[in-house]
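Hi there,

Here is the structure I promised to pass on. Have a look at it first, and then read on for what turned up in it.

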Amino acid sequence: MKSKKETVYDFIKQSTDSGKPLEGVNTQYLARRLEMQRSNVSSILNELVKEGAIEKTDGRPVLYRIPSVSAAGTEKSCFSELIGNAGSLKGAVQLAKAAILYPGYSLPVLITGPEGSGKREFAKLISRFAPESNVTEQNPPFITFNCSLYAEKQQKAGLELFGISSSKEENALSCLQRANGGILFIDRLEYLDADTRIRIMDLSKNIVKHDIILICSIGEEGNHSLIEMCSISFPVRIQLTPLEKRPLQERFGLICRFFTNEAVRCGRTLSISSEIMTCLLLYQCRQNISQLKNDMKLGCATAYARDYQRKNTQLELLLSDFPFYVRSGYLELKGKREDLKKTIRDGYTYLFTPNEEIKTRHQRSTPKPDNIYEWIDKRTGELKNRGLEAVEINTLISIDIEHEFQEYSQGLGSHIINSEQLALMTSPRLIELVTEFINGAVQKFDRIYSQSLFYGLCLHLDSAIKHSNRSRKLNGSQILETAESHKREYAYCTSFIARLEQEFNLSLPVDEAVFLTMFLCKGGELPDTPKPVLLIIMHGSHGAASLSEVVSSLSGTQVWAYDIPLEQALNVTYEGLRSLILKINQGKGVFALYDMGSVSQLLDMLEQETGIPVQGIEIPITALALDISRKLLLNSDMEETASWAIQNYHADRKNRKKGGDVIITLCMSGEGGAILVKTYLEKTLKTSCPEIIPLAISRKKELLLEIDELRRHCRILCIISSYDPQIVGISYIPISEVLECSESDLPARLNLTPESAFPPEGSLTTNDYDVIFDHLKEQSTQIDINLLKPKLLKAISHMETASVNGMTKDIKIGLLVHIFCCIQHLTEGRELPLNIYAPEIIERNPELYQAVKESMQDIERTFGITFSDMENANVISIIKRSRKG
């Protein structure tokens, strides 16, 4: 019998063999066809990708397929020279090829990215790919127009680009004319005025007439609106990744290429230490690749000038040869040591030869220091010889000390076989004192310590006592950091140092309390067991980072953060979160706290794509603050605003009653409809109204968790919604029945009295609609309900006609409330919930999709809004839930 993995693989292989090798299948399709749980399919797919048995696409939705021969091979075009062509720039390369190879004529390309990210170089590669692919003749003209040179000469820019005469003389030809049959690259479009940019956008629509391939570039800093506007005219937009977000391995490749080029230029072998390589890999390049290249060029030039008279075949570069800020890379070492180990070899020198070879040579080894003090002295001497100042040396020692001490402590006692051997190397009294110290730490800090750590601690203290006249080696900041980070352990170790001083009648440097604290904290933990990690996600510049810093400081554990700039595109946010989640996951998943509902859908998509469990809770502080700011502008009564906020935002659970009866109102997407039903019930029931909690049903998993939590403290009387969420043990009441009930019968229908009234099923009457619209009128001062009512009823009637199964009363009411809430959100400029399945829903229901679009047109024109396809898909989902017929 086949395993599940074999079943999934065979199905994908059959799909590939069926003539669709370049398309693939998505997770949802596989789960439906194979009748397996989606989470299990996602897990199996990720395993198959890791094994190389299948590959996945970069777009949305993610598709899985058997690798084709060309896909499995290496890049064969000029793009093979591009570092990252199979990594962070793989998508960019694919887009560039697609644009050039488009049937009939090549599509215009817009390249965006931060300053120095390589936009010009990428454009040059595209210009080489065109003749390489026989799209143009060999050696076509490649005309570059740098707009920044014309920032103060806008009229001249237009003349240079488009020309003013029909003269055929070479010096009178415009850039457009000279690029005929080749490529026109207009660089830094943001420096041109609006009129010239419009002419370029018009040109992008008529490139066939001019027989050119058009490429433009825009820097991202402060130009997001311009980029969005230009994207309308450019079918292909290629977004280059900032250097800091590219893998270290790619940055290492760039460094090697730049050093190789400099070695060829100066005709000498360049010798680069692992310390210099570390700084170049980790320092912050605000101007990205161009800054890295220029800083390296300056370092090589300085070293060449310093060593010019010697005429040696080998040129050794020093850290002092580079700009001062390059050495700040050391400050990033603490958090990136593991990534660095995978990229470069510590203790090796890298040699770049004029014949473009790269060699490594182990640096001259010196005897390992007998104790940590010798290591500090040795390291200080090395850094002084490299021209570093005392402050920098202290900083670097502080960064390295924990890592070095961990290695020192682990190796110290490893050669001791038993306690008898230890007794020959140190005094029995010291062994006795250390035994008491370790036993006390086990009880006090609930840790387990290995025998080898005990031996190592005895040997370390024996050396400290014998050399007690040593001066202090650690700086104040390192001592303070240890004392603050490990208060209880540091206090315990300080007390033990005082006892040793009294016992052996000597004075030990304050460093020893720090070293003993490191022994206890770094050596006493059991092997790390995978744990879920906490991730805070917020919109804005520094909110998540600041909050995570506070929580990390108070809890003593690492909390991760992701800030979403307000102008950041959704796909950039998705990729950023994806990279971060892959990086921080320890094997047990990621728990996310986020401030807006749209993040919820991104987390769903990431869970499906990566196979990493992601659990999220929305803490809507941003939306709450936004709404309160608007309320305060219209109404200065703080008590009224506070009351409104508590009623409309249930995230603050402290305001919920513990115990007692509750009613839950549900809405398909977001809480707008649920809140409207809540306010209707409160108005109708008045003093007899129990607590009503509006919930969203956009994430079923979160809904079940929410209801489970409520069940612990309350008795849930019923759930009111436009359709049955099918939750065992809780009564479901359709919205239509609530609206049909008279004020006197409603308490019984909601299980508020022993008797129950169940009105018969019937059609929705005009009176029923009047009740709803009267309530909506009270809830909205911005929307003309009298104007909306006939248009909305007509739209729903049109949709019902197009629906195969018709609509139940509850679906109609749910749809009515849902569309009203959407209109309210759109007119107020608020965010609508994301629907990640929208493309699939629309593809499966083309006729209903057209009917929904047509139904909404009158409402869109009247209220000056536009319903996106994502929202049309939400409406289709509500209609399809109807069980009528």
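The protein chain folds into 38 helices and 19 strands. Keep in mind while you browse that this is a predicted model. Of the 885 residues in the chain, 48% count as buried. If you take the contacts with a separation of 6 or more, 71% of them join residues 24 or more positions apart.

Let's start with a sheet. Five strands make up an open sheet with parallel pairing, in the order S4-S5-S6-S3-S7. Strand S4 (142-146) and strand S7 (236-239) each have a single partner strand, so they sit at the edges and one side of each has no neighbour in the sheet. On average, neighbouring strands here are turned by 20° against each other, if you ignore direction. In case pairing is new to you: strands of a sheet are held to each other through backbone hydrogen bonds, and they can run parallel or antiparallel.

For a close-up, try strand S5 (residues 183-187) and strand S6 (residues 213-219), which are joined in the parallel sense by 4 bridges. Across that pair, Ile-186 is opposite Cys-216 of S6. Then look for helix H6 (residues 119-132), which lies across S4, S5, S6, S7 and strand S3 (109-113). The angle between H6 and S3 is about 155°.

Next, strand S8 (residues 269-272). Are its two faces covered or open? Both are covered: Thr-269 and Ser-271 are buried on one side, and Leu-270 and Ile-272 are buried on the other. S8 also pairs with two strands in opposite senses. With strand S9 (residues 314-316) the sense is parallel, over 3 bridges, and Leu-270 faces Leu-315 there. With strand S10 (residues 348-352) the sense is antiparallel, again over 3 bridges, and Ser-271 has Leu-351 as its bridge partner.

Two residues have backbone angles you may want to check. Glu-356 has a phi near 70°, which is positive even though the residue is not a glycine. You will find Glu-356 in the loop between S10 and strand S11 (358-362), and it counts as exposed because its relative accessibility is 57%, above the 50% cut-off. Asn-505 is the other one: its phi is about 55°, also positive, and it is not a glycine either. It belongs to the loop between helix H22 (487-504) and helix H23 (511-523). With a relative accessible area of 71%, Asn-505 is exposed as well.

Finally, the empty space inside. Rolling a probe the size of a water molecule over the atoms shows where there is room left. How many cavities of 30 Å³ or more does the structure hold? There are 4, and the largest has a volume of about 130 Å³. Its lining consists of 13 residues, and those nearest the centre are Val-677, Tyr-680, Leu-739, His-775 and Val-817. Helix H29 (672-685), helix H31 (735-740), helix H33 (766-779) and helix H35 (809-827) each give at least two residues to this lining, with H33 providing the largest share, 4 residues. By class, the lining of the largest cavity has 12 nonpolar residues, 1 polar residue and no charged ones.

Enjoy exploring!

Conventions:
Residues numbered from 1 in each chain as written. Predicted model: local features only at pLDDT ≥ 70, side-chain atom pairs only at ≥ 80, totals over all residues. Heavy atoms only, no water. Buried < 20%, exposed > 50% of the residue type's maximum accessible area, 1.4 Å probe, protein only. Pairing = 2+ DSSP bridges. Axes fitted to C-alpha atoms, helices over the stretch in contact; angles between N-to-C directions. Contact = heavy atoms within 4.5 Å. 1 Å grid on protein atoms, 1.4 Å probe; cavity = no way out; pocket = protein on both sides within 12 Å on 5 of 7 lines; lining within 4 Å. Points joined across faces, edges and corners; volume = space filled by probe spheres on them. Nonpolar A, V, L, I, M, F, W, Y, C, P; charged D, E, K, R; others polar.
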